[in-house]
Amino acid sequence: MENFPESSSKGTKRRRNEDSDAGNTSSLEDDLTFTDTSVALRIMRAQFPHIQKGSVEPFILKSQLYSSVKDRTQVDRELESLRRDKVLRLFKLNTGQDDHAVMFLDDYLNQCSLLSLGGKVKDSHISVLINAGVLTRQLIDPNMYWFSIPNIGSHLKGIVQGRKEIISLLSRRRYKEMMLSSLEKKRLRTSPLDVRFHLRDLIGSGHLRTDQAPTGLIIRVSKD
């Protein structure tokens with residue numbers, strides 16, 4: 001097992017207050033694209049839906065970054081650099097073959113107090129970490145483990161159901177499209193995550209595409 005890094009929590013509270021000022025008030029059309037992965041991460045973290053039930057620290061899907069930074073190679077390269085610098089951690093999700101979540105390391109350590117002191121993990125600690133939702137066993141090798149995000153279960157279900165609901169909503173329309181300004185106002189029945197969260201995901205994964213019109217941005221279902 002690897003050594004867990006200590007949390008660089010100094011300034012975290014101040015950064016969170018600054019991030020929260022970005023709020024969820026702006027339209028997705030105003031901040032759909034970025035030239036820098038770090039900026040995109042900070043904005044998306046600040047815009048993470050506030051959910052009290054099953055509280056989880058803000059996380060970003062890699063597909064959401066792909067929707068906002070055009071060069072996917074740049075995204076992958078910058079994520080790897082930030083991971084090596086212990087700014088963030090990546091997690092494999094079971095919602096899709098290529099689904100990965102990104103979480104700032106300070107946020108992760110804040111939620112996983114079992115890791116906050118760092119140090120080398122012993123075999124006797126593994127069951128505690130599994131029960132706490134910090135580790136999951138890999139199916140291909142029971143002696144290997146994935147890092148996981150505690151309390152994320154209901155959110156994973158929401159990711160899957162929200163994707164289906166938005167695709168179904170657009171597919172029922174005559175031209176399988178809708179103005180972004182109207183779509184953003186919709187409230188999802190099947191997901192605790194907001195429409196903006198799902199749109200970034202679906203655009204980045206290629207299920208939806210955007211087109212600019214004189215009246216604003218149009219969201220369309222991508223052709224098969």
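# Exercises around helix α9

Just after helix α9, G206 takes a positive phi of about 90°. Helices (H or I, at least four residues) and strands (E, at least two) are DSSP runs, numbered from the N terminus. The model is predicted: local features need pLDDT of at least 70, side-chain atom pairs count only at pLDDT 80 or more, and totals for chains, interfaces and linings use all residues. Residues are numbered from 1 along each chain as its sequence is written, and side-chain values use heavy atoms, with hydrogens and water left out.

**Exercise 1. Decide how many residues of α9 are buried, and name them.**

Step 1. Fix the term. Buried means under 20% relative accessible area, exposed over 50%, and partly exposed in between (1.4 Å probe, protein chains only).

Step 2. Count. In α9, 10 of 10 residues are buried, and the helix is mostly covered.

Step 3. Name them. The buried residues of α9 are V195, R196, F197, H198, L199, R200, D201, L202, I203 and G204.

**Exercise 2. Describe how α7 and α9 pack, by angle and by distance between axes.**

Step 1. Recall the usual description. Two packed helices are described by the angle between their axes and the distance between the axes.

Step 2. Fix the axes. They are lines fitted to C-alpha atoms, for helices over the stretch in contact, and angles run from 0 to 180 degrees between N-to-C directions.

Step 3. Read the values. α7 and α9 pack at an angle of about 80°, and their axes are 10 Å apart.

Step 4. Classify. Angles under 35 degrees count as roughly parallel, over 145 as roughly antiparallel, 65 to 115 as roughly perpendicular and the rest as oblique. α7 and α9 are therefore roughly perpendicular to each other.

Step 5. List the partners. G158, I159, G162, R163, I166 and I167 of α7 meet V195, F197, H198, L199, D201 and L202 of α9. By class, this contact of α7 with α9 has seven nonpolar, three polar and two charged residues. Here Ala, Val, Leu, Ile, Met, Phe, Trp, Tyr, Cys and Pro count as nonpolar, Asp, Glu, Lys and Arg as charged, and the others, Gly among them, as polar.

**Exercise 3. Find the salt bridge that R163 makes, and say whether R163 is buried or exposed.**

Step 1. Fix the term. A salt bridge is a side-chain nitrogen of Lys or Arg within 4 Å of a carboxyl oxygen of Asp or Glu.

Step 2. Find the pair. R163 and D201 meet through their side chains in a salt bridge (2.5 Å, N to O). This pair links distant parts of the chain: D201 lies in helix α9 (residues 195–204) and R163 in helix α7 (residues 153–171), 38 residues apart.

Step 3. Check exposure. R163 is buried because its relative accessible area is 17%. D201 counts as buried too, at 1% relative accessibility.

Step 4. Look at the surroundings. Contact means heavy atoms within 4.5 Å. Setting aside neighbours within four places in sequence, R163 is in contact with L61, T95, D99, H198, D201 and L202.

**Exercise 4. State how many salt bridges the whole structure holds, then examine D107 and R45.**

Step 1. Count. The whole structure has eight salt bridges.

Step 2. Take the pair. D107 and R45 join their side chains in a salt bridge (2.8 Å, N to O). They link distant parts of the chain, with D107 in helix α5 (residues 105–111) and R45 in helix α2 (residues 37–46), 62 residues apart.

Step 3. Check exposure. Both D107 and R45 are buried.

**Exercise 5. Work out the strand order of the sheet that holds β8, and place α9 against that sheet.**

Step 1. Fix the term. Two strands pair if DSSP finds at least two bridges between them.

Step 2. Give the order. The open sheet of three strands runs β6-β8-β7, with antiparallel pairing. β6 (177–179) and β7 (208–213) are the edge strands, and each pairs on one side only. From one strand to the next, the twist averages 25°.

Step 3. Inspect one pair. β7 and β8 run antiparallel, joined by six bridges. T210 stands opposite I219 in β8. α9 packs on the sheet, touching β7 and β8, and its direction makes about 100° with that of β7.

**Exercise 6. Characterise V221 and the salt bridge of R220.**

Step 1. Locate V221. It sits in strand β8 (residues 216–221).

Step 2. Check exposure. V221 is buried because its relative accessible area is 18%.

Step 3. List contacts. Beyond neighbours within four places in sequence, V221 is in contact with L170, S171, K176, H207 and L208.

Step 4. Turn to R220. R220 forms a salt bridge with D211, with the closest N and O atoms 2.5 Å apart. At 23% relative accessibility, D211 counts as partly exposed.

Step 5. Widen the view. A network of salt bridges links E177, R209, D211 and R220.
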